[in-house]
Each structure stands twice: as structure tokens, then as C-alpha cells.
Amino acid sequence: MHTSRAAYWFLAPALLLIAAFFVVPIFASLALSATDFDIYAVASPANTRFVGLGNYTELLQNPLFWTAVGNTLYFVVVGGPLSVAVSLGAALLVNSKLTRAKGFFRAVYFVPVVTTLVAVAVIWRYLYDPRFGLLNYGLHFLGIGPIDWLGNPHWAMPSIILMTVWKNFGYNMLIFVAGLQAISQDLYDAALVDGASTIQRFRHVTLPMLGPTFLFVSVTTMIGYTQLFSEPYVMTQGGPLHATYSIVLYMYEEGFRWWHLGYAASIAFVLFALVLGGTLIQRRLRR
Amino acid sequence: MKRVALHVALVLGAITTLAPLIWMVAASFMPAGQATTYPPHFIPRPATLGNYRILFTRLDVARNVMNSVIVSFAATGLSTIINAMAGYAFAKFRFRGRDPLFRTMLAGLVIPAQVGMLPLFVIMKQLHLVNSYWAVIIPSMSSIFGIFLVRQYALSIPDELLDAARIDGASELAIFGRIVLPLLRPILVTFAVFMFMSVWNDFMWPLIVLSDDAKYTLPVALANLTGEHVQDTELMMAGAVVTLAPVLAAFLFLQRYYIEGITMGSVKG
């Protein structure tokens with residue numbers, strides 16, 4: 001370990017950048033949320049007035065805000081666990097002792113993760129087409145009638161969840177595979193000696209041993225899911241009937257479409273509060 | 001029996017995973033209208049490059065490819081070196097406030113990027129950087145995650161090696177350039193792959209800060225095109241192929257590094 005002035009020189013570029021373009025904007029966002037900063041203020045910041053908690057009280061009275069919060073929570077609470085469950089299932093399949101070509105399947109399942117979300121959303125828009133889409137074509141063989149995936153307010157959010165699970169499950173699968181490989185074989189051998197069935201071994205060895213991985217994956221996934229934006233932006237524009245309107249989409253539209261930056265900043269802080277709440281719950285659970 | 005069922009499930013999973021992408025490629029070579037027929041076509045007949053021709057002539061997507069390439073390479077190169085320096089400093093130097101600073105930074109990892117985006121836009125506006133490559137590059141130039149990755153890896157560099165070089169009279173910069181950087185190479189490659197993909201795929205920030213078609217990165221250009229050409233399925237699929245091909249190719253060649261980054265990121269706990 002070395003003490004030297006040089007350390008500051010090595011740190012300076014990164015820390016200055018983080019300070020100027022990450023830390024300052026976060027505090028500025030809090031300040032902004034207490035103002036009526038709008039299109040006139042973008043032109044000249046002198047046109048800004050302090051409004052205190054005005055934006056927040058307005059926000060809480062706006063039904064569209066509650067719709068956005070409700071949709072985002074729907075996406076997080078249904079999509080998050082579903083995605084984690086699919087990831088765990090895929091990890092168990094890929095990691096099974098009986099599986100051949102493990103590396104191949106692992107890589108294939110991972111491919112959607114590296115894809116560009118916007119491109120994927122464009123593709124799935126056509127897969128979801130009620131008349132020509134492959135999904136309805138496949139389902140008609142099972143006798144399931146045509147579903148208006150993105151056009152029906154009840155189906156729009158499930159459709160976005162389905163696509164997101166397809167895109168993301170490979171990521172958490174890899175983390176689960178690493179977690180599974182860290183479980184000692186002795187535990188399974190001992191369970192086998194005691195006559196435990198496959199399901200019992202899964203319940204009493206695999207699941208408890210995966211505990212920390214499970215928690216990590218669930219929390220990071222759900223935090224990531226609160227930031228839902230590109231999927232509704234590209235696929236549904238938040239519709240139909242605001243069924244896929246998310247918090248971040250609301251923030252984007254208020255901020256960059258209507259230039260109500262002050263009001264939008266208060267939406268950003270609600271998002272921050274949600275994520276912070278989620279993280280604190282995770283801390284609690286860990287103990 | 002069990003083994004067969006397992007592999008049937010695996011293969012079905014693989015088909016489900018790849019089908020949308022395979023259909024995308026197939027549809028991109030179909031003549032106009034063929035992707036929206038019932039029952040659907042799976043093989044383009046006759047196969048055509050017409051969609052790609054329209055993309056690169058009339059819609060001038062080549063400049064969007066260039067924008068994405070410039071922004072992604074610049075952000076990746078700059079952030080790799082900047083985070084390497086900082087990660088090394090956190091791992092191998094003693095200075096006042098080091099540990100609290102590092103812990104505070106890690107806590108910042110949970111803050112969603114969107115929280116600061118509105119003021120960030122105002123800052124870029126004040127710096128007259130809106131609608132420039134720099135507006136996209138600058139916020140990516142330092143990454144807490146990157147600093148963390150490098151720091152964990154750099155902890156394993158033996159102090160004796162660095163001290164020996166100091167005794168020989170090497171400057172700190174020379175030590176960093178000739179000893180530390182080569183030793184950090186594996187983690188830097190992993191980080192660079194990670195970074196490249198995330199900048200290439202990024203959508204929301206470029207959408208906000210770029211205002212002119214000629215400056216759009218590929219995802220923004222594609223989202224914009226779907227607005228105008230929603231009926232042109234085959235054309236849009238060609239656009240998706242152009243957007244995805246580089247990241248998919250990078251993944252095929254560099255998947256080992258990418259996958260390492262994920263498992264390393266997850267042990268931070």
C-alpha cells in the first residue's frame with residue numbers, strides 16, 4: 001500500500017465526472033422538483049419560481065400519476081417474480097448433471113440479453129399482431145382464439161411482461177447457475193442417503209442454499225423493472241387507455257415533451273423513493 | 001427417459017428464445033407485404049435485399065450506424081481508461097477518506113439514472129452540448145460499476161511489484177502504464193465489452209439529448225422510423241437486423257468476457 005499524491009491524479013477524472021454528471025444532477029433534481037421550471041426557464045433559468053411542495057401535491061392529485069404508479073407496480077410485482085422463476089427454471093435445466101452441450105444452451109438462452117431493447121420491441125410488436133403475428137398463429141393450433149395482445153388494455157401489460165421475461169431471463173439464469181455450482185455436492189449425497197426424492201432435495205437443499213442469490217436476483221430485477229420505459233414507448237406509447245403508462249414514461253413526457261421539468265423532477269423523486277424503499281426492504285430481509 | 005424429457009425442454013426453450021430473432025432475419029429479406037400474410041411465411045420468397053437498399057439509400061441509415069459506432073467506441077475507450085485509473089487508486093493507494101468515499105460511491109449504484117436526467121439535460125444545454133456526440137458520451141465516461149470491478153481485480157496486484165518499480169525510479173504514470181494496465185487487461189476487456197453493449201443499446205438518454213435525425217444513434221433512429229413506417233414490417237425488420245447485428249457479433253466472439261462480468265457483478269452483494 002502506497003501513500004502518494006498520485007492517487008488524487010488517478011482519481012480526479014472519474015470523481016469529477018461522477019460529481020458533475022451524476023451527483024450534482026441528483027441534488028439538482030431535488031431542487032428542480034421545488035420549482036416551476038418549464039420551457040421558458042430552459043431558455044433562461046431566470047424565469048424560474050420556487051413552488052415548494054406544489055409539484056408533489058399536484059402530482060398526488062393527478063389520476064394519471066396513480067395510473068402510472070399502478071402500472072409500474074403491476075410490471076414489477078408480476079413481471080419481476082415471473083422473470084426470476086423462469087431464470088431459475090432455465091438455470092436448473094442448463095445446470096442438470098444429465099444435460100449435454102451445457103455451454104451451447106447457456107449461450108443460446110443468453111442471446112436475448114445482449115440484444116437492443118428498442119429493436120426487440122419493434123420485432124415483438126409484429127409478433128403480437130392480432131392478424132398476422134406468429135404468436136396468434138401458434139396459439140390457433142392449440143385452439144386459442146386470436147388475442148389482441150397490444151390493443152386490449154387487459155392484455156397490453158401482460159404482453160410487455162412476456163417480452164421482457166424473454167429478453168431478460170438469461171441474465172439471472174447465469175447468476176443462478178453460478179449459485180447452483182457453489183452448492184457442495186456432499187449435501188446432495190447426504191440427502192440421497194437419507195432417501196430424499198428429487199423434489200425434496202430441491203426444496204430442502206437447493207432452495208435454502210440459493211437463498212442469498214435468490215434475494216440478490218429478486219431485488220436487482222425488481223429495481224430494474226421500476227424503470228420501465230422503452231417497451232411502452234416503442235410498442236404502445238403507454239396505451240391502450242394508459243394501460244402501459246409507466247412512471248418513467250410519465251416523467252419523460254412531462255419533462256421532454258411538455259417541458260414541465262420541475263413537475264417531472266417530482267416524478268423522478270417518487271421513482272427514487274420507490275427504489276430506495278425496495279433497497280431498504282432488501283437490507284432488512286438480509287438480516 | 002428423464003434425460004430425453006430434459007433435452008426436449010431445453011430444445012423447446014432454445015427454439016422459443018431464438019424464434020423471434022430468426023423470424024426477424026427471415027422477414028428482413030422478404031419482399032414488401034410478405035411478412036403480413038396469413039398463414040405466415042417463414043422463408044422469404046423470393047429473397048430480396050430491397051429492404052436493406054431502402055434503409056441505406058432513401059433512409060440513409062448509414063449515418064446512424066456511424067453515430068452509434070462513434071459514440072460507443074469513444075465512450076468505451078474513454079471510460080475504460082478513466083475507470084481503470086480510479087479503480088487502481090482505490091485498490092493500491094492509501095489516502096484520506098478512501099474507504100468512506102468508496103462505500104458512498106457503491107451506495108450510489110442503486111440510484112436509477114432517470115433521477116438525474118432532467119437536470120443533466122439542463123446542464124448539457126448550458127454547455128451547448130445538446131444534439132452532440134459528447135452529450136451521449138460524457139455521462140458514460142465514468143461508471144461506479146466499472147471502478148468497482150477494476151478495484152476488486154486490482155487488489156490482487158502485489159504491492160512488492162509496484163514498490164520495486166518505485167525504487168528503480170519509475171514515475172507513477174510509468175508504473176500505471178507499463179505494469180498496472182497490462183495486469184488489469186482481463187478485467188478491462190470484460191468491462192469494455194460490457195460498456196460497449198450498454199452504450200450501443202442505450203435508448204432513453206440519446207432520445208432525450210439528440211434532436212436531429214442526422215445525429216440519432218441506431219436505437220433512436222429505429223424507434224423514430226417505426227413511427228413513420230409502421231406498416232412496412234419487412235423494412236423495420238431489416239432495421240432491427242442492422243441494429244442488432246453488431247452486438248450479436250460482439251457477443252458471439254466475446255461472450256466469455258461478458259459472462260464473467262455478470263457473475264463478478266453479482267458477488268458484490
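**Two chains, mostly helix: a quick Q&A**

Colleague: What percentage of the 269 residues of chain B count as buried?
Modeller: Bear in mind that this is a predicted model, where local features need pLDDT of at least 70, side-chain atom pairs count only at pLDDT 80 or more, and totals for chains, interfaces and linings use all residues. Residues are numbered from 1 along each chain as its sequence is written, while chains are lettered from A and ligands numbered from 1 in the order in which they are written. Buried means that 20 or more other C-beta atoms, placed from the backbone, lie within 10 Å of the residue's own; 12 or fewer makes it exposed, and in between it's partly exposed. On that count, the buried part of chain B comes to 43%.

Colleague: What is the radius of gyration of chain B?
Modeller: Chain B has 12 helices and 0 strands, with helices (H or I, at least four residues) and strands (E, at least two) being DSSP runs numbered from the N terminus. Its C-alpha atoms fill a box of roughly 75 × 65 × 35 Å along the principal axes. The globule rule (2.2 Å times the number of residues to the power 0.38, set against a radius taken over C-alpha atoms) gives 18 Å for 269 residues. Chain B is well over that, so it is more spread out than a compact globule, with a radius of gyration of 23 Å.

Colleague: How far apart are the centres of domain 1 and domain 2 of chain B?
Modeller: The bounds come from an automatic or database domain assignment, which gives domain 1 (1-48) and domain 2 (60-266) in chain B. Taken over C-alpha atoms, the separation of their centres is 33 Å.

Colleague: Which helix of chain A gives the most to the side that touches chain B?
Modeller: Contact here means C-beta atoms, placed from the backbone, within 7 Å, and it takes 70 residues from chain A and 72 from chain B. By class, the chain A side has 57 nonpolar, 12 polar and 1 charged residues; Ala, Val, Leu, Ile, Met, Phe, Trp, Tyr, Cys and Pro count as nonpolar, Asp, Glu, Lys and Arg as charged, and the others, Gly among them, as polar. With 17 residues, the top contributor is helix α1 (residues 6-32) of chain A.

Colleague: Which helix of chain B gives the most to the largest nonpolar core?
Modeller: Such a core is a set of buried Ala, Val, Leu, Ile, Met, Phe, Trp, Tyr and Cys residues joined through C-beta atoms within 7 Å. Of the 156 residues in this one, Met173(A), Ala268(A) and Ala240(B) touch the most other members. Both domain 1 (1-48) and domain 2 (60-266) of chain B give residues to this core, so it lies between them. The helix you want, giving 15 residues, is α9 (residues 172-201) of chain B.

Colleague: Is His128(B) buried or exposed?
Modeller: His128(B) lies in the loop between α5 and α6 (133-137) of chain B, and its phi is near 55°, a positive value in a residue other than glycine. Helix α5 (residues 117-126) itself is mostly covered, with 8 of its 10 residues buried. His128(B) has 10 C-beta neighbours inside 10 Å, so it counts as exposed.

Colleague: In chain A, which helix has the lowest confidence?
Modeller: pLDDT is the predictor's confidence in each residue, from 0 to 100; the mean for chain A is 91, and 99% of its residues reach 70 or more. Confidence is highest in helix α12 (residues 247-257), at 96. At a mean of 81, the lowest is helix α2 (residues 39-43) of chain A.

Terms used: Contact = placed C-beta atoms within 7 Å.
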